[in-house]
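Let's take a few structural labels and ask what earns each of them. Have the model open while you read.

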Amino acid sequence: MAVGDLATDFELADETGAPRRLTDLLAAGPVVLFFYRAAMTGGCTQEACHFRDLSAEFAELGAQPVGISSDRPDKQNMFAAANGFGFPLLSDADHTVAKSFGAWRAWLPGNFHTRRRTFVIGTDRRILAEIGSETAMTKHADDALATLREQRAA
């Protein structure tokens, strides 16, 4: 996926096991889809908590963060409960969605195949921005907010 592309629609279970479809999430406004390696790990917790801490700013822009990793819904639920997230965490256990967005790599061992990537997706399913950094945990949320602010100003 690249800026301007139409995001692949998908349906995955959230942290409660409920099915969530991208097009349904977009009905409420833009989605900031952030891929992370694994729930309950240091960097991923820092990244997701930064999204949480900026949730009011995302809401002011009519957008919502949505996290996605290969963790099962029960682990996503523990992650959400431990950190007070107010946004969905989706389970992409077979990496289908990560692969379709180019956020997957085969060469890492264990369950760390997901690349840290964030996509700002407009209500028309167009990719407005792609943000990538494996080490700057606050960059994803900060850059996504900047993109949304630019879109609003335009």
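What follows is a set of questions and answers on rings, burial, helices and strands.

This is a predicted model, in which local features need pLDDT of at least 70 and side-chain atom pairs count only at pLDDT 80 or more, while totals for chains, interfaces and linings use all residues. Residues are numbered from 1 along each chain as its sequence is written, and side-chain values use heavy atoms, with hydrogens and water left out.

Q: What makes Phe34 and Phe87 an aromatic pair, and why is the pair called edge-to-face?
A: Rings of Phe, Tyr and Trp (its six-membered ring) pair if their centres lie within 6.5 Å; planes under 30 degrees apart are stacked, over 60 edge-to-face, and the rest tilted. The centres of Phe34 and Phe87 are 5.8 Å apart and their planes stand at 75°, so both cut-offs are met and the pair is edge-to-face. It is one of 11 aromatic pairs in the structure.

Q: Why can Phe34 and Phe87 be said to tie together separate parts of the sequence?
A: Phe34 sits in strand S3 (residues 31–35), while Phe87 is in the loop between helix H4 (73–83) and strand S5 (89–91), so the pair joins parts that are 53 residues apart in sequence. Helices (H or I, at least four residues) and strands (E, at least two) are DSSP runs, numbered from the N terminus.

Q: Why is the pair of Phe85 and Phe87 stacked or edge-to-face?
A: The planes of Phe85 and Phe87 are at 25° and the centres 5.2 Å apart, so this pair is stacked. Ring pairs go on to link Phe34, Tyr36, Phe51, Phe58, Phe79, Phe85 and Phe87 into a cluster.

Q: How do you know whether Phe34, Phe87 and Phe85 are buried or exposed?
A: Buried means under 20% relative accessible area, exposed over 50%, and partly exposed in between (1.4 Å probe, protein chains only). Phe34 has 0%, Phe87 has 5% and Phe85 has 11%, so Phe34, Phe87 and Phe85 count as buried.

Q: What makes one side of H4 its buried side?
A: In H4, Gln76, Phe79, Ala80 and Asn83 are buried. They cover an arc of only 95° around the axis (taken from the directions from the helix axis to the C-beta atoms), so they lie on the same side of H4. The face turned away from that side carries the exposed residues Asp74, Met78, Ala81 and Ala82. Helix H2 (42–53), strand S4 (64–69) and S5 are included in what covers the buried residues. Just after H4 comes Gly84, with a positive phi near 65°.

Q: How do you know what Asn83 is in contact with?
A: Contact means heavy atoms within 4.5 Å. Leaving aside neighbours within four places in sequence, Asn83 meets that limit with Thr45, Cys49 and Arg52. Asn83 has a relative accessible area of 16%, so it is buried.

Q: Why is Arg149 buried, partly exposed or exposed?
A: Arg149, found in helix H6, has 42% relative accessibility, so it counts as partly exposed. Apart from neighbours within four places in sequence, Arg149 is in contact with Glu57 and Leu61.

Q: What brings H2 and H6 into contact?
A: The axes of H2 and helix H6 (residues 139–153) come within 8 Å and cross at roughly 35°; axes are lines fitted to C-alpha atoms, for helices over the stretch in contact, with angles from 0 to 180 degrees between N-to-C directions. Glu47, His50 and Phe51 of H2 make the contact with His140, Ala141 and Asp142 of H6. Of these, His140 counts as buried at 0% relative accessibility. Beyond neighbours within four places in sequence, the contacts of His140 include Arg116, Thr118 and Ile131.

Q: How do you know that strands S6 and S7 pair?
A: Two strands pair if DSSP finds at least two bridges between them. Five bridges join S6 (residues 117–121) to S7 (residues 127–132), so the two strands pair, and they run antiparallel. The bridge partner of Thr118 in S7 is Ile131. S6 and S7 form a hairpin with five residues between them, and Arg125 in the turn has a positive phi of about 75°.
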